[in-house]
Amino acid sequence: MPELSKIKSHLETMEAMSPSGFAIAFHIRLTSPDFLFQTYPKAWTDTYSEKGYVMVDPIVRWGFSETGSKRWSSLKHLDDHDIFAQSQEHEMGFGVAISTETDGSRSVAGFARNDREFTDEEIEELSRCVKHLHDLTASKTGMSDDLRARLHDLSVKMTHQ
């Protein structure tokens with residue numbers, strides 16, 4: 001299944017580039033994504049879920065209204081609930097948000113590291129990966145039931161590491 005191999009390759013690239021983890025919601029309709037891949041620290045995802053931060057997350061807020069990429073440091077004006085400061089407690093001091101949309105289907109991603117800002121080149125590579133994955137996981141392409149099931153399993157595996 002060549003699509004699955006390409007998807008895994010992009011996910012591996014993004015994981016290597018984001019030592020503190022990432023979260024990508026693909027093809028969000030209303031508030032639910034078709035697929036969610038997440039490697040942020042479990043303690044952070046637990047806090048994030050318990051406090052319902054998805055509704056006020058500056059990455060999500062920006063990602064629903066814009067496309068492209070932005071470093072977290074330039075989104076602080078959207079951080080009414082001090083989410084970025086709290087994420088620093090989980091070794092997520094620097095990050096980038098990426099959002100893409102095709103035919104009304106939107107995908108939003110956040111990538112984190114603790115040692116430094118992402119470089120422009122890293123942001124370009126992450127953006128390419130997100131865009132390719134957005135295209136590869138689009139339902140309009142006639143995704144097989146088998147591929148959909150495998151992606152769901154991969155999503156669950158990554159999220160619950």
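F94 has R113 of β5 as its bridge partner. This pairing belongs to a predicted model. Nine bridges connect β4, residues 94-102, with β5, residues 105-113, and the two strands run antiparallel.

R113 lies in strand β5. The residue counts as buried because its relative accessibility is 7%, and the cut-off for buried is under 20%. Beyond its neighbours within four places in sequence, R113 contacts M17, P19, S20, E91, M92, G93, F94, F118 and E122.

The wider sheet is open and has five strands. Their order is β2-β1-β5-β4-β3, with antiparallel pairing. β2 and β3 stand at the edges; each has a single partner strand, so one side of each lacks a neighbour in the sheet. From one strand to the next, the twist averages 10 degrees.

Helix α3 packs on this sheet. The helix touches β1, β3, β4 and β5, and its direction makes about 145 degrees with that of β5.

The strands and their residue ranges are as follows.

| Strand | Residues |
|---|---|
| β1 | 21-29 |
| β2 | 32-38 |
| β3 | 68-71 |
| β4 | 94-102 |
| β5 | 105-113 |

Which residues of α3 are buried? They are P58, I59, V60, W62 and G63. Their cover includes the helices α2 (42-50) and α4 (83-88), along with strands β3, β4 and β5.

The N-terminal end of α3 is capped by D57. A side-chain oxygen of D57 lies 2.8 Å from the backbone nitrogen of I59. I59 is also one of the buried residues of α3.

Technical notes
Residues numbered from 1 in each chain as written. Predicted model: local features only at pLDDT ≥ 70, side-chain atom pairs only at ≥ 80, totals over all residues. Heavy atoms only, no water. Pairing = 2+ DSSP bridges. Helix = DSSP H or I, 4+ residues; strand = E, 2+ residues; numbered from the N terminus. Axes fitted to C-alpha atoms, helices over the stretch in contact; angles between N-to-C directions. Contact = heavy atoms within 4.5 Å. Buried < 20%, exposed > 50% of the residue type's maximum accessible area, 1.4 Å probe, protein only. Polar contact = N/O pair within 3.5 Å; in protein donor to acceptor, adjacent residues only side chain to side chain.
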